[in-house]
Amino acid sequence: MTDESTGSTHRVEVGKAPIAIAILPAVNKAYVVNTDSNSISIIDGTQDKVIATIKGGSHPYTIAANEKTNKVYVTYTYDHILTVIDGVTNASSSLETGSADAIAIDERTNTLFLSTYEDPFIRIVNATNGALRKVKVGEHIWGLAFDAADSRLYLAHTMTADVMSLDEKTQGMATVPVGQIPCALAYNRATHMLYAVNYGDQTLSLIDTVKAKVVNVIAVGDHPQAVAVDAERNRVYVANVHGDSVTVIDGVKNAILGTYQAGEHPYTLAVDENTGQVYAAVYGSKASVRVDGPALHK
């Protein structure tokens with residue numbers, strides 16, 4: 001069990017090379033993408049154990065959850081489909097969308113945004129009927145985040161070291177310079193802050209989306225790879241893939257609250273805002289780690 005006074009971790013064995021994770025708070029489940037097992041593990045958040053495993057296509061890679069529909073979507077590197085998982089029944093189906101490296105969701109319209117690293121076009125998919133259209137945004141995208149209030153999609157461009165905003169309605173575009181090799185994004189709906197993880201210079205860029213500019217830069221751990229936001233508690237979590245740790249940041253003071261060990265190579269993060277629990281998929285092992293500590297649940 002967890003020890004919140006010391007900052008402990010709790011491990012759940014999943015498939016080989018867990019690489020992505022998502023949460024559906026309404027059903028208290030975590031979904032872990034196991035890229036080397038070609039599967040998705042479903043973890044019960046109360047029991048902290050795998051309750052179902054879904055076989056997927058070739059090399060599942062990223063995942064996103066729609067809390068309004070209780071559906072989870074998994075992309076593949078070498079398959080041209082999305083796996084769709086029903087959060088209530090655990091049943092799965094598929095959509096023909098093409099392979100993808102990143103995914104984001106507009107929950108209000110049930111729209112999916114998909115990107116592939118070397119493809120200059122993103123795909124915008126109607127998750128209800130599968131209709132698809134494309135928008136040219138440039139190559140080398142390695143992270144997506146969606147702002148529902150302003151209908152804006154944010155895209156991290158690794159080669160140009162900037163974050164692009166794309167207006168979903170008008171398709172207007174703008175860019176904000178950030179650090180080197182921005183590889184992951186997370187948006188705080190409560191504060192309108194966008195967080196960009198910069199793998200190259202080991203920093204986190206804080207972008208005020210109203211002002212459309214970087215307002216702070218925080219040094220984090222060794223080669224950060226992922227970021228997640230708890231909007232309810234105004235906490236930001238950064239996975240330091242080579243530091244084997246998760247850095248916790250106070251979103252009000254923009255100060256580091258602590259750094260917690262998270263197993264070997266934490267590659268991606270997800271937060272259950274109902275409970276405040278933080279989950280890390282630990283790449284290269286058969287584990288998903290729940291990270292707890294004194295700073296996490298305040």
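**Exercise 1.** In what order do the 4 strands of the open sheet stand, and is the pairing parallel or antiparallel?

*Solution.* The model is predicted, so local features need pLDDT of at least 70 and side-chain atom pairs count only at pLDDT 80 or more, while totals for chains, interfaces and linings use all residues. Residues are numbered from 1 along each chain as its sequence is written, and side-chain values use heavy atoms, without hydrogens and water.

Step 1. Strands are DSSP runs of E with at least two residues, numbered from the N terminus. Two strands pair if DSSP finds at least two bridges between them.

Step 2. The order is 22-23-24-25, and the pairing is antiparallel.

Step 3. Strand 22 (224-230) and strand 25 (255-261) are the edge strands, each pairing on one side only.

Step 4. Strand 22 is joined to strand 23 (residues 235-240) by 6 bridges. Within this pair, V227 stands opposite V238.

**Exercise 2.** Describe strand 2 (residues 18-24) and its surroundings.

*Solution.* Step 1. Buried means under 20% relative accessible area, exposed over 50%, and partly exposed in between (1.4 Å probe, protein chains only). Because 7 of the 7 residues of strand 2 are buried, this strand is largely enclosed by the rest of the structure.

Step 2. Strand 2 runs antiparallel to strand 3 (residues 29-34), with 6 bridges joining them. A22 stands opposite Y31 in strand 3.

Step 3. The hairpin has 4 residues between the two strands, and N28 takes a positive phi near 55 degrees there.

**Exercise 3.** Is A17 buried or exposed?

*Solution.* Step 1. A17 lies in the loop between strand 1 (9-12) and strand 2.

Step 2. A17 is buried, with a relative accessible area of 5%.
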